[in-house]
Amino acid sequence: TTTHRLNRTEELVRTDELTGLYNRRGLSLFLQESRSVGAVPGGGLLLLDCDRFKQVNDEHGHAAGDRVLQSVASILRSVAGPYDLACRLGGDEFCLLVAADRREEVTRYIDYIVGSMQSLAAMRQAPPLICPVSIGACLLDPDGDWDQWYIQADSALYRAKRDGGDRVHWHDPTQAPV
């Protein structure tokens, strides 16, 4: 039916074809829809960036790189609850908006993600199933907006990458953005 085709088209516009997660456009539409009903999405934001991802592509080919991205997506999908949103922003960058609004709660998400990735990495398969990730985390200020939240989490992510990757950094409100 026409309604089914329209729903399918809308789903394709919002979804990353490779991973099945929301894409950047899907995230943007989700944020717009949340604002329109007066809801503040999530309580925490995690930005994830795959470390040494180019090396996976260069040494094992793009099919192996795609499989790594699908593994990351699978881990995010498995940890995301009904009020959370997992998204592939592009390339090897992902985000997870979580409904948890305390640092300890958000840390449980991080621990699950990191533990799952370390378990996959320990299998030492060639080509690899996963690569290490850097994570930038922040709690969402309900008076803020996506741009502010992204800058905070991205600044923390940048510090994690600068410190060698394969680690988590939290946004520190006392530090200026990098």
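Is Asp51 buried or exposed, and what is its relative accessible area? Asp51 is buried, with a relative accessible area of 4%; buried denotes under 20% relative accessible area, exposed over 50%, and partly exposed the range in between, with a 1.4 Å probe and protein chains only. The model described here is predicted, so local features require pLDDT of at least 70 and side-chain atom pairs pLDDT 80 or more, whereas totals for chains, interfaces and linings use all residues. Residues are numbered from 1 along each chain as its sequence is written, and side-chain values use heavy atoms, with hydrogens and water left out.

**Overall architecture**

The protein contains six helices and five strands, where helices (H or I, at least four residues) and strands (E, at least two) are DSSP runs numbered from the N terminus. Read from the N terminus, the order of elements is α-α-β-α-α-β-β-α-β-α-β. Of the 178 residues, 44% are buried. The exposed area is about 9700 Å², and carbon and sulfur atoms supply 50% of it; accessible areas come from the Shrake-Rupley method with a 1.4 Å probe, and for residues only the protein chains shown count as cover. Among contacts (heavy atoms within 4.5 Å) between residues at least 6 apart in sequence, 67% join residues at least 24 apart.

**Nonpolar cores**

In soluble globular proteins, nonpolar side chains tend to be buried together. A nonpolar core is here a set of buried Ala, Val, Leu, Ile, Met, Phe, Trp, Tyr and Cys residues joined through side-chain atoms within 4.5 Å. The largest such core has 30 residues, and those with the most contacts inside it are Leu46, Leu48, Leu76, Phe94, Leu96 and Ile113. At least two residues of this core come from each of strand 1 (44–50), helix 3 (53–60), helix 4 (62–79), strand 3 (93–98), helix 5 (103–122) and strand 4 (133–139). Helix 4 gives the most to this core, namely eight residues. Another core, of 15 residues, lies apart from it and includes Leu89, Cys138, Ala153 and Leu157.

**Salt bridges**

Seven salt bridges are found in the whole structure, each being a side-chain nitrogen of Lys or Arg within 4 Å of a carboxyl oxygen of Asp or Glu. Three of the pairs are listed below with the separation of their closest N and O atoms.

| Salt bridge | Closest N and O atoms |
|---|---|
| Glu33 and Arg14 | 2.3 Å |
| Asp51 and Lys161 | 2.8 Å |
| Lys54 and Asp58 | 2.7 Å |

The pair of Glu33 and Arg14 links distant parts of the chain: Glu33 lies in helix 2 (residues 24–36) and Arg14 in helix 1 (residues 2–14), 19 residues apart. Glu33 is partly exposed because its relative accessibility is 39%, whereas Arg14 is buried at 9% relative accessible area.

Asp51 lies in the loop between strand 1 and helix 3 and Lys161 in helix 6 (residues 146–162), so this salt bridge ties together parts that are 110 residues apart in sequence. Its partner Lys161 is partly exposed, at 32% relative accessibility.

Lys54 and Asp58 are four residues apart in helix 3 and are therefore separated by about one helical turn. Lys54 is exposed at 59% relative accessibility, and Asp58 counts as exposed at 55%. Elsewhere, salt bridges that share partners join Asp49, Asp51 and Lys161 into one network.

**Aromatic pair**

A pair of aromatic rings is described by the distance of the centres and the angle of the planes. Rings of Phe, Tyr and Trp (its six-membered ring) pair if their centres lie within 6.5 Å; planes under 30 degrees apart count as stacked, over 60 as edge-to-face and the rest as tilted. By this rule there is one aromatic pair. The ring centres of Trp146 and Tyr150 are 5.7 Å apart and their planes stand at 45 degrees, so the pair is tilted. Both residues lie in helix 6, four residues apart, about one turn of the helix. Trp146 is buried, with a relative accessible area of 14%.

**Two buried residues with distant sequence partners**

Trp170 is located in strand 5 (residues 168–170) and counts as buried because its relative accessibility is 14%. Leaving aside residues up to four places away in sequence, Trp170 touches Arg103, Val106, Thr107, Ile110, Ala137, Cys138, Leu139, Ala156 and Arg159. Trp170 and Leu46 are 124 residues apart in sequence, yet their C-alpha atoms are 9.1 Å apart in space.

Leu31 is placed in helix 2 and counts as buried at 5% relative accessibility. A C-alpha separation of 9.1 Å holds between Leu31 and Asp145, which are 114 residues apart along the chain.
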